[in-house]
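Got the viewer open? Let's take a short walk, one selection at a time.

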Amino acid sequence: MNTITTLNGPTATITVRGDIDFDTLPPLRAATDVLPAHVTGLLWDLNHTLFMDVAGLHLLFAPAPPDRPDRRVTVTGLRPQPLRLLRLAAETNPAVFRLDRLICDTPAPL
């Protein structure tokens, strides 16, 4: 797994190449930890992520630590398996897993 981070004004895009699981969660969190304080939007580009387990839910829906700025998190490029996981989470607890706020592009139907 590797990541590429790009900054465009107040928005950072982190492109993930590889699976998201509990082994890759720490480096993904580290990628967000080093973002400048002025970044208020975080876009996860998952076009190259074929698999995501529950660690992806922790990554995408975790609240910001109190010493860090609150960022609007969105995701693009969801592949079928990660999208199924997000939909299942949203069906289970729609108040916590708000896909309407997370997904910034229209996913393909399954």
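Which side chain of opposite charge is nearest to R71, and how far away is it? Keep in mind that this is a predicted model, then select R71 and D33. D33 is the nearest side chain of opposite charge, at 6.5 Å. A salt bridge needs a nitrogen and a carboxyl oxygen within 4 Å, so R71 has none, although R71 is buried.

Stay on R71 and look around. You're in the loop between α2 and β4 (72-76). The side chain of R71 does find a backbone partner: the oxygen of P36, at 3.2 Å. Now show the surroundings. Setting aside neighbours within four places in sequence, R71 is in contact with T32, L35, P36, V39, T40 and L42.

Next, select A12, in strand β2 (residues 11-17). A12 counts as buried, at 0% relative accessibility. Leaving out residues up to four places away in sequence, its contacts are T6, L7, L35, V39, G41, L42 and L43. You've met some of these names already: L35, V39 and L42 are among the contacts of R71, and they also touch A12. For a distance across the model, draw a line from A12 to R101: C-alpha to C-alpha, it spans 17 Å, with the two positions 89 residues apart in sequence.

Now go to helix α2 and begin at D53. D53 caps the N-terminal end of α2, placing a side-chain oxygen 2.9 Å from the backbone nitrogen of A55. Colour A55, G56, L57, L59 and L60, which are buried in α2. What lies over them? The cover includes α1 (25-33), β3 (41-48), β4, α3 and α4.

Still in α2, pick F61 and add F97. The structure holds one aromatic pair, and this is it: F61 and F97 sit edge-to-face, with 5.0 Å between centres and 90° between planes. F61 belongs to α2 (residues 54-61) while F97 is in the loop between α3 (80-92) and α4 (99-102), so the pair ties together parts 36 residues apart in sequence. F97 is buried, with a relative accessible area of 17%.

For the last stop, select R98 and D100. Here is the one salt bridge in the structure: the side chains of R98 and D100 meet at 2.9 Å, N to O. Switch on a surface and check both ends. R98 is partly exposed, at 34% relative accessibility, whereas D100 is exposed, with a relative accessible area of 57%. Flip back to R71 to compare: that arginine is buried and has no salt bridge.

Definitions and conventions:
Residues numbered from 1 in each chain as written. Predicted model: local features only at pLDDT ≥ 70, side-chain atom pairs only at ≥ 80, totals over all residues. Heavy atoms only, no water. Phe/Tyr/Trp six-rings, centres within 6.5 Å; stacked < 30°, edge-to-face > 60°. Helix = DSSP H or I, 4+ residues; strand = E, 2+ residues; numbered from the N terminus. Buried < 20%, exposed > 50% of the residue type's maximum accessible area, 1.4 Å probe, protein only. Lys, Arg positive; Asp, Glu negative; His and termini not counted. Polar contact = N/O pair within 3.5 Å; in protein donor to acceptor, adjacent residues only side chain to side chain. Contact = heavy atoms within 4.5 Å.
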